Amino acid sequence: MQSVDPRFAPVTVKSLVIAALTVLMLWPLALVQSLVSERQALQHQAYEVIAAGFGGSQILGAPIVSVDTQSRSVVEDTVTKKSTVTWAPGAPIHLLPDDVRITSDVAVEVRSKGIYSVPVYVSKIVITGSFKPDAISGLFASNEDARPLPAVALVQLPLSGVKYLRTLTRFEIAGLALQATSGQVAGFAALTAPIDLYSLDRTVPLSFRLEFEVAGSDSLHFLPLGSNTTVTARVAWPHPDFDGAFLPISHTRSAEGFSANWQVLGLNRAIPQTWRGTSVSNTDLLNTAFGVRLFQPSDVYTQNYRAGRYGILFIAITFVCFFTWEHLARGLRLHPMQYLLVGFSLATFYLLLLALSEHVGFGLSYALAAAALVALITTYIAGATTNRRAALGIGAALTASYGVLYVILLSEDDALLFGSLLLFAILATLMLATRRLDWAKVGREDSPP
């Protein structure tokens, strides 16, 4: 086996030691990342507690008219051979409305549990629209095997969080104020009110108007149950995250909040205007839902996690810079134990950042943790060596590096680009600074006499 050239032995050995120390730093960084995940899990538990008490994600639709039916069955007596016709309760018929207009004014506030906080909302909902006269008349049609019971009809409004309903100001159908109770339609919780279709004028559209307030958190979604559904949402939250089966056709955004408009045709959804029984399921309805989430851009745990991913890179770059400065500056010689202490201080930065950010916000926490780290390392290097100018240079370099890292963390969409440019710039600087360095000569100078 070929041995290492004696001229390079001291440099090679120290390089391997520094490389080993860099790998060793993965352990404290992994512990910090594990702690971030643990604290994030506690945050999610706090979210669930707040949602359970205030209101979770809400999904709402438009009124559905459901009519009970009877099914005909024939029973033949095996002895007399006589047939008896009986009518038993059958599957109800469900009818969706024609034009539906939904407006939602959402007021948002932040609720806290311990050190964790989550945005919650109270939404004022107004739903108007109508059923076509011929569609209502179709509910009266019967045949030899089934007959509807229009006198036993229900108006049902799908609402996932009926228990979080704050007020029900109006539940009006054809000018009649109905008394709503809790019910269920197509697997959804619903506001339900009985109505006698026989008593209504079937030559004009069956109009409706509903006004209520519902509390929730995280998201508000709508079901496009009309043959033409128009939704307008005004939300006092500056960070919308539109999702679901349909995106808004237009939206505006400001520092105070945003507004959005959706328009969905019956042709755009895979749900018929009329169905019987359970032919349309809860999943079928959910697949058509659309709306908005109260997006929280890069909360402290997400930012801490992203910062930690750059941890080993910054430690490795710092070690390489120290190793290079050792051979470029006079009076700067570091022992591997000093590298180890500096490495642990670099890892402690992420722990300090996590602890502070839970109380004073990520930006201020980052500034405090970075300032403390730079001051500590600069003071330590200045005291451990005779080259105070080099120590100040190291402090300035660390300050610039953590400043750039902060910019990267804020640039969610361009983080990869900025991170790559930072790494390239640092490597280019080191390569250009050492391009004339004779490592063979360094090896002889560092070799013991």
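Student: How do you know that strand S2 (residues 64-76) and strand S6 (residues 146-158) pair, and in which sense?

Tutor: This is a predicted model, by the way. Two strands count as paired if DSSP finds at least two bridges between them. S2 and S6 have eight bridges, in the antiparallel sense, so they pass that cut-off. Thr69, for instance, has Pro148 in S6 as its bridge partner, and Gln70 stands opposite Arg147 in S6.

Student: What does S2 do with strand S3 (residues 83-95)?

Tutor: Those two pair over eleven bridges, again antiparallel. Look for Ser66 opposite His94 in S3.

Student: Which strands make up the open sheet, and in what order?

Tutor: There are six, running S9-S10-S6-S2-S3-S17, with antiparallel pairing.

Student: What makes S9 and strand S17 (274-276) edge strands?

Tutor: Each of them pairs on one side only. As for the twist, neighbouring strands of this sheet are turned by 45 degrees against each other on average, ignoring direction.

Student: How do you know that strand S9 (residues 181-185) pairs with strand S10 (residues 188-195)?

Tutor: Same test: the cut-off is at least two bridges, and S9 and S10 have five, in the antiparallel sense. One of the partners to look up is Ala190 in S10, which is matched with Gly183. The hairpin leaves two residues between the strands, and Ala186 there takes a positive phi near 50 degrees.

Student: On to the helices. Why is helix H2 called roughly antiparallel to helix H5?

Tutor: The axes of H2 (residues 26-54) and H5 (residues 300-309) come within 10 Å and cross at roughly 165 degrees. Anything over 145 degrees counts as roughly antiparallel, so H2 and H5 earn the label. Their crossing is left-handed.

Student: Which residues meet there?

Tutor: From H2 you get Gln33, Val36, Arg39, Gln40 and Gln43; from H5, Tyr301, Thr302, Asn304, Tyr305, Gly308 and Arg309. Sorted by class, the contact has three nonpolar, six polar and two charged residues.

Student: What makes Gly308 polar here?

Tutor: Just the classification: Gly is put among the polar residues, so Gly308 in H5 is counted that way.

Student: Why is Asp299 called buried?

Tutor: Buried means under 20% relative accessible area. Asp299 comes out at 19%, so it counts as buried. You'll find Asp299 in the loop between strand S18 (290-294) and H5.

Student: How far is the C-alpha atom of Asp299 from that of Phe362?

Tutor: They're separated by 8.3 Å, although Asp299 and Phe362 are 63 residues apart along the chain.

Note on methods
Residues numbered from 1 in each chain as written. Predicted model: local features only at pLDDT ≥ 70, side-chain atom pairs only at ≥ 80, totals over all residues. Heavy atoms only, no water. Helix = DSSP H or I, 4+ residues; strand = E, 2+ residues; numbered from the N terminus. Axes fitted to C-alpha atoms, helices over the stretch in contact; angles between N-to-C directions. Parallel < 35°, antiparallel > 145°, perpendicular 65-115°, else oblique. Left-handed = near helix turned anticlockwise from the far one by under 90°. Contact = heavy atoms within 4.5 Å. Buried < 20%, exposed > 50% of the residue type's maximum accessible area, 1.4 Å probe, protein only.
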